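Visitor: Could you walk me through this model and tell me how each label is earned?
Guide: Sure, have a look first.

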Amino acid sequence: NANVNYGINDKLIHIISKTPQYRKYIIIAQGISSINGKDGTFKLLFNTSKDFKPKTKKDGSVDFQNLETVESVSKGQILCEITHPVEGKDGMTVTGQVISFAPGKAVPSLLGKNTSYNEDKTAIRATTDGQVDFSKGKIDVNETFYISQNVDNSTGNIRVIGNVIVNGTILPGFSVEAGGNIEVKESVCSVDLKAGGNVVLRRGAITSKIACNGDLTSNFIENCNAFVKGDIKATYIMNSRIKCGNNIQTIGAISKIVGGNYVAGGNIESRTIGSTAGVQTFMEIGTDPETIDRQHMLLKELPELE
């Protein structure tokens with residue numbers, strides 16, 4: 001009469017029809033609960049924390065420079081693992097009505113700049129070298145890392161696989177290393193710069209170390225050590241030790257090279273070289289600086305090898 005037509009325990013009904021049992025509840029029919037689906041999940045394979053704390057060294061001092069604020073990734077590197085939602089299963093009431101399951105939700109799209117899925121969409125990978133970032137629910141790989149102000153204790157030393165643009169300056173004692181280009185809008189003093197591409201200093205450099213595989217462009221260069229495989233262009237250069245694979249050139253109204261030691265694989269061009277004050281200025285052209293360094297190293301090894 002109650003229209004019970006599913007999940008009936010026929011064996012139990014047969015038993016109690018022969019041996020009735022009174023004053024107790026007996027389950028003679030039972031439905032099946034629905035099984036809800038499971039939501040898809042994702043796991044980021046890079047650090048997303050913005051709470052960069054200085055590290056304590058073994059001697060008890062605190063390192064405020066190497067904060068590792070930037071995480072670089074390579075083209076093809078897996079950035080995120082994804083699991084697809086699991087399908088659920090319908091249930092049934094004892095009256096034969098279907099109990100629908102709640103489906104699992106898929107992971108929302110996390111694709112940002114310079115990222116892509118693999119074939120079965122179980123992973124997200126980088127499509128270029130750069131710096132990875134996760135914000136507003138998207139994974140981005142930026143070829144250029146922008147620093148809105150200065151490189152200081154808030155950023156620590158910068159080391160990236162792509163390009164770096166610093167809208168401020170780099171405080172003394174800090175370093176910036178990039179696989180691509182480095183551009184600094186303000187002048188720098190007592191810093192280390194190393195680039196796989198070009199270095200552009202909009203103001204200039206004082207008492208700094210600079211190394212790049214491309215060109216160095218600066219307003220002025222004073223008391224610096226530089227190793228540049230490409231060309232060097234500046235308004236003036238003073239009291240520096242420079243090795244340049246191609247040409248060294250100073251331009252503008254105060255074009256001059258005064259004091260220091262300069263080796264260039266190509267030409268050295270300047271309106272004024274040296275000074276009437278007798279400041280020693282050494283020039284050598286037509287020689288590859290890398291070849292000279294290699295020669296010096298071999299000369300040191302020669303007695304031991306003999």
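Visitor: What makes β1, β5, β9 and β8 a sheet?
Guide: Those 4 strands form an open sheet in the order β1-β5-β9-β8, with antiparallel pairing. Strands are DSSP runs (E, at least two residues), numbered from the N terminus, and two of them pair if DSSP finds at least two bridges between them. This is a predicted model: local features need pLDDT of at least 70, side-chain atom pairs need 80 or more, and totals for chains, interfaces and linings use all residues. Residues are numbered from 1 along each chain, and side-chain values use heavy atoms, without hydrogens or water.

Visitor: Why are β1 and β8 called edge strands?
Guide: β1 (41-44) and β8 (115-117) each pair on one side only.

Visitor: How do you know that β1 and β5 pair?
Guide: β1 and β5 (residues 78-83) share 4 bridges in the antiparallel sense, and the rule asks for at least two, so they count as a pair. Within that pairing, L44 stands opposite C80 in β5.

Visitor: Why is V4 called partly exposed?
Guide: V4 has a relative accessible area of 38%. Buried means under 20% and exposed over 50% (1.4 Å probe, protein chains only), so a value in between is partly exposed.

Visitor: What makes the protein more spread out than a compact globule?
Guide: Its radius of gyration, taken over C-alpha atoms, is 35 Å, well over the 19 Å that the globule rule gives for 306 residues. That rule is 2.2 Å times the number of residues to the power 0.38. The C-alpha atoms fill a box of roughly 125 × 55 × 45 Å along the principal axes.
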